[in-house]
Amino acid sequence: MSLGKAMIHARKQKAIARAAAYAGESVAVHHNHMLQMPVLVLNASYEPINICGARRALVLVLKGIARTEEEHGLTLHAQRSRIAMPSVIRLLEYRRIPHQTRALSRKNILLRDRNTCQYCGVVLPPSELTLDHVMPRSRGGNSTWENLVACCHACNRRKGNRLLNEIDDMVLLREPRPFSLHTSRQIMRMLGRGDDRWRKYLFY
Ligand SMILES: [Zn+2]
């Protein structure tokens with residue numbers, strides 16, 4: 001990042017922090033859960049790009065960076081004004097979304113694999129899943145997006161230190177890939193399945 005860009009970035013961060021502090025001051029404490037509700041973020045092109053908390057969404061709207069496309073139907077009663085809670089917001093300026101920005105972590109691998117064992121297909125809570133190195137570490141396998149998958153303990157024990165082609169009936173459900181915008185969109189769809197206000201932007 002160039003120095004100029006870094007300075008603009010720092011100024012933006014400060015402005016966002018100020019706006020967040022303002023939004024925080026003007027609402028009662030019991031509104032906190034309302035401010036944490038998920039809001040779908042669309043690019044200027046109406047392409048869904050993210051999910052953020054309602055507090056951040058309001059800040060973006062108040063700062064004129066985004067506008068509310070769909071309201072939630074709930075109203076935040078601030079000191080002197082009432083604010084309609086957004087359910088979907090849209091950025092006013094088109095933003096280029098960099099590919100592959102997610103960090104490689106246990107949490108993100110499980111998110112990518114939807115808490116599903118990639119060998120037997122069982123869906124389990126995160127605490128009951130482990131990560132499996134497809135090519136075992138003891139045989140030179142690395143910790144990468146392409147070599148780590150969600151795995152149940154039973155499959156993990158069964159596979160042990162073997163390679164998949166050394167085991168008769170064990171295959172990957174799908175080829176492990178880095179977390180992409182495509183993956184993010186699938187997750188947005190999963191989260192927005194029940195919400196009609198999100199549906200029309202996610203299923204097109
Ligand atoms: Zn399994």
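This report describes the fold of one protein as it appears in a predicted model.

**Overall make-up**

The protein contains seven helices and six strands. Read from the N terminus, these elements follow the order α-α-β-β-α-β-β-α-β-β-α-α-α. The protein has 204 residues, and 20% of them count as buried. Among the contacts with a separation of 6 or more, 57% are between residues 24 or more positions apart.

**The four-stranded sheet**

Four strands form an open sheet in the order β2-β1-β4-β3, and their pairing is mixed. The edges of this sheet are β2, residues 48-53, and β3, residues 66-77; each has a single partner strand, so one side of each has no neighbour in the sheet. On average, neighbouring strands in the sheet are turned by 35° against each other, with direction ignored.

The pairings can be taken one at a time, starting with β1 and β2. Strand β1 covers residues 38-42 and runs antiparallel to β2, to which five bridges join it. Within this pair, Val-39 faces Cys-52 of β2, and Val-41 faces Asn-50 of β2. The two strands make a hairpin with five residues between them, and Tyr-46 in this hairpin has a positive phi near 75°.

On to the pairing of β1 with β4. Here the sense is parallel, and there are three bridges. Leu-40 has Val-88 of β4 as its bridge partner, while Val-41 stands opposite Ile-89 in β4. Val-41 therefore has a residue opposite it in β2, namely Asn-50, and one in β4, namely Ile-89.The third pairing is that of β3 with β4. These strands run antiparallel and are joined by eight bridges. They form a hairpin with four residues between them. One of the bridges links His-77 with Arg-82 of β4.

How enclosed is β1 by the rest of the structure? Four of its five residues are buried, so β1 is largely enclosed.

**Helices against the sheet**

Helix α3, residues 54-62, packs on the sheet and touches β1, β2, β3 and β4, the last of which spans residues 82-91. The direction of α3 makes about 85° with that of β4. Eight of the nine residues of α3 are buried, so this helix is largely enclosed by the rest of the structure. The buried residues include Ala-54, Arg-55, Arg-56 and Ala-57. Leu-58, Val-59, Leu-60 and Val-61 are buried as well. After α3 comes Gly-64, with a positive phi near 75°.

A second helix, α6, is made of residues 181-192 and lies across β1 and β2. It runs at about 55° to β2. Arg-185 is part of helix α6. Is Arg-185 buried or partly exposed? Arg-185 has 14 C-beta neighbours inside 10 Å, so it counts as partly exposed; a buried residue would need 20 or more. Arg-185 and Glu-47 are 138 residues apart along the chain, and their C-alpha atoms are separated by 9.8 Å.

**Positive phi angles**

Most residues other than glycine have a negative phi. Which residues in the loop between α4 and β5 are exceptions? Arg-114 lies in this loop, which joins α4, residues 106-112, to β5, residues 129-133. Asn-115 is found in the loop between α4 and β5 too. Arg-114 has a positive phi near 50°, and Asn-115 has a positive phi near 55°.

Both residues are partly exposed: Arg-114 has 13 other C-beta atoms within 10 Å, and Asn-115 has 14. Each count falls between the limits, since a residue is exposed at 12 or fewer and buried at 20 or more.

The table lists the positive phi values described in this report.

| Residue | Place | Phi |
|---|---|---|
| Tyr-46 | hairpin of β1 and β2 | near 75° |
| Gly-64 | after α3 | near 75° |
| Arg-114 | loop between α4 and β5 | near 50° |
| Asn-115 | loop between α4 and β5 | near 55° |

Key. Residues numbered from 1 in each chain as written. Predicted model: local features only at pLDDT ≥ 70, side-chain atom pairs only at ≥ 80, totals over all residues. Pairing = 2+ DSSP bridges. Axes fitted to C-alpha atoms, helices over the stretch in contact; angles between N-to-C directions. Contact = placed C-beta atoms within 7 Å.
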